[in-house]
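Colleague: I would like a close look at one part of this model, taken slowly enough for a first-year student to follow. Please begin at a single loop and work outwards from there, keeping to what the coordinates show.

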Amino acid sequence: MNNEKILIVEDERKISDILKSYLEREGFGIKIAETGREALRLIKDRFDLIILDLRLPDMEGEEVCRSIRGISDVPIIMLTAKSSEDERVKGLGIGADDYVIKPFSPRELVARVKAHLRRTQKGDKKILSFNEGVLIIDTTSMEVRKRKEPVSLTTTEFKILLSLAERPGAVLNRLQLMNMVQGYDFEGYDRVIDAHIKNIRHKIEDNIQKPVFIKTIYGAGYKFIGVPD
């Protein structure tokens, strides 16, 4: 049996019941919130992952996501009927880790849940330090510090940063990064990676126009240029 707790934020009872059934079958503990406000009340309890529908009766899912990100780095998988690539990239830009488009396969969603939880728990016990201690990455606690101050990254942002930082000087293309952090790729993955990189840079770089940690190699991908201590 798993000990992980998952919060499903979904106002369509049929969908939430199906997800609850599939996830409980895998041993997960499930709570269901039918509104955004209920979800924000429940988030005070510790959850290991949140499945969030973007169309809720009382508030937009994007607003719920932003509020959760203000207090927690818990992995968030969005459920959305919005098939537009721009809409999906926007959702990832505000802090979601993944998205699934309705209608979806419950088995696929369960597989994605397991993949995110595995990667959240995985990690060698080591600390990476760069640029004379300016940037510290603790792979055990999944914490990042810049000049000793904590940096709030989503789970996916942390995994992208770590994938690059563990290979300083190596150029990784977008498909490689997507497969490293998610274990699969999908349509529009290049825009998704770009959105996450943009978020990471805003959090760890002093000047995003003159990065000292993540450099864009045009036509090829991204390279970590921080100097290991």
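Modeller: In this predicted model, Pro103 sits in the loop that runs between strand E5 (98-101) and helix H5. The peptide bond leading from Lys102 into Pro103 is cis, with an omega near -10°. As background, most peptide bonds are trans, and most residues other than glycine have a negative phi. Asn131 deserves a look beside that second statement, since it is not a glycine and yet has a positive phi of about 55°; its place is in another loop, the one between strand E6 (127-130) and strand E7 (135-138).

From the loop of Pro103 we can go back to E5, which belongs to an open sheet of five strands with the order E2-E1-E3-E4-E5 and parallel pairing. E5 is an edge strand of this sheet, as is strand E2 (29-33), and each of them pairs on one side only. From one strand to the next, the twist averages 20°. Within the sheet, strand E3 (residues 49-53) and strand E4 (residues 76-80) run parallel and are joined by four bridges, with Ile50 having Ile76 in E4 as its bridge partner. Helix H3 (residues 61-69) lies across E3 and E4, and its direction is at about 155° to that of E3.

Going forward from the loop instead, we reach H5 (106-121), and with it the largest pocket, because H5 is among the elements that give two or more residues to the pocket's lining, together with strand E8 (143-146), strand E9 (149-151) and helix H6. This pocket has a volume of about 490 Å³, and of the 25 residues that line it, Ser72, Asp73, Val74, Ser141 and Thr155 lie nearest its centre. The lining divides into 12 nonpolar, seven polar and six charged residues.

H6 (residues 155-165) then carries us from the pocket to a second sheet, for this helix lies across E10, E11 and E12 and runs at about 70° to E12. Those three strands form an open sheet with the order E10-E12-E11 and antiparallel pairing. Its edge strands are E10 (171-172) and E11 (214-217), each of which pairs on one side only. On one side, E10 and E12 (residues 221-224) pair in the antiparallel sense over two bridges: Val171 has Lys223 as its bridge partner, while Leu172 stands opposite Tyr222. On the other, E11 and E12 are paired, again in the antiparallel sense, over four bridges, and Ile217 is partnered there by Gly221. E11 and E12 form a hairpin with three residues between them, and Gly219 in the turn has a positive phi of about 80°.

H6 also packs against another helix, and such a pair is described by the angle between the axes and the distance between them. The axes of H6 and helix H7 (residues 174-182) come within 9 Å and cross at roughly 120°, and the crossing is right-handed. On the H6 side the contact is made by Lys159, Ile160, Ser163 and Leu164, and on the H7 side by Leu177, Met180, Val181 and Gln182. Sorted by character, the residues of this contact comprise five nonpolar, two polar and one charged.

Methods
Residues numbered from 1 in each chain as written. Predicted model: local features only at pLDDT ≥ 70, side-chain atom pairs only at ≥ 80, totals over all residues. Heavy atoms only, no water. Pairing = 2+ DSSP bridges. Contact = heavy atoms within 4.5 Å. Axes fitted to C-alpha atoms, helices over the stretch in contact; angles between N-to-C directions. Left-handed = near helix turned anticlockwise from the far one by under 90°. Nonpolar A, V, L, I, M, F, W, Y, C, P; charged D, E, K, R; others polar. 1 Å grid on protein atoms, 1.4 Å probe; cavity = no way out; pocket = protein on both sides within 12 Å on 5 of 7 lines; lining within 4 Å. Points joined across faces, edges and corners; volume = space filled by probe spheres on them.
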